[in-house]
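Reader: Hi! I've got a structure to look at and I'm new to this. Could you walk me through it?

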Amino acid sequence: MEHEERTEDLAQLLARLKSEYDVNDSEIARRISVAPATVNAWVHRKRGTGRGPRPDKLRALAAAYPKFTEDEIFAAAGRTTPGPLDADREARVLEYFRLLTEEQQRAKEIEMRALSEANQTKQG
């Protein structure tokens, strides 16, 4: 099976976005509710202590700048795009979770955290 190389990272995508929308780091930050320093770190490929942009901020970026798809933004960030979560699905998951014992809830929380962290690991 061939490995498909990612040709654009988040810094490159943001450069295109800034050119396409004629915006700066501060405007992007304001539109997705992060500090300008956060966007600046993404632009300059500074990792800091985190694992990169949170999925909710990547989704906010796609919502604020619709010429760039979620799939495109997540791929540039080295992440797998999370599946859709509508209100009905979220309610069902919460209903199922409430039916579990406390021990089962703890186990599911650990499992979900591990899956989430695996999805946040850079794909390479």
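Reader: Let's start with Arg45. Is Arg45 buried or exposed?

Author: Arg45 counts as exposed, because its relative accessibility is 51%. The cut-offs are under 20% relative accessible area for buried and over 50% for exposed, with partly exposed in between (1.4 Å probe, protein chains only).

Reader: Thanks! Can I trust the numbering and the atoms here?

Author: This is a predicted model, where local features need pLDDT of at least 70 and side-chain atom pairs count only at pLDDT 80 or more, while totals for chains, interfaces and linings use all residues. Residues are numbered from 1 along each chain as its sequence is written, and side-chain values use heavy atoms, leaving out hydrogens and water.

Reader: Where does Arg45 lie?

Author: Arg45 lies in the loop between α3 (36-43) and α4 (55-64). Helices here are DSSP runs (H or I, at least four residues), numbered from the N terminus. The phi of Arg45 is positive, near 60°.

Reader: What's usual for phi?

Author: Most residues other than glycine have a negative phi. Asp22 is another residue with a positive value, near 55°, and Asp22 lies in the loop between α1 (10-21) and α2.

Reader: Back to α3. Which residues are buried there?

Author: Val39, Ala41, Trp42 and Val43 are buried in α3. Their cover includes α1, α2 and α4, where contact means heavy atoms within 4.5 Å.

Reader: New topic: aromatic rings. How many aromatic pairs are there?

Author: The structure holds two. In one, the ring centres of Tyr21 and Tyr65 are 4.8 Å apart and the planes are at 70°, so this pair is edge-to-face. Rings of Phe, Tyr and Trp (its six-membered ring) pair if their centres lie within 6.5 Å; planes under 30 degrees apart are stacked, over 60 edge-to-face, and the rest tilted.

Reader: Where do those two sit in the chain?

Author: Tyr21 is in helix α1 and Tyr65 is in the loop between α4 and α5, 44 residues apart. The other pair is Tyr21 with Phe68, tilted because the planes are at 40°, with centres 6.4 Å apart. Tyr21, Tyr65 and Phe68 form one aromatic cluster.

Reader: Is Tyr65 buried or exposed?

Author: Tyr65 is buried, with a relative accessible area of 0%. Tyr21 is partly exposed, at 24%.

Reader: What lies over the face of Tyr65?

Author: Arg31 does, at 4.8 Å from the ring centre. A charge sits over a ring if NZ of Lys or CZ of Arg is within 6 Å of the ring centre and within 35 degrees of the ring normal.
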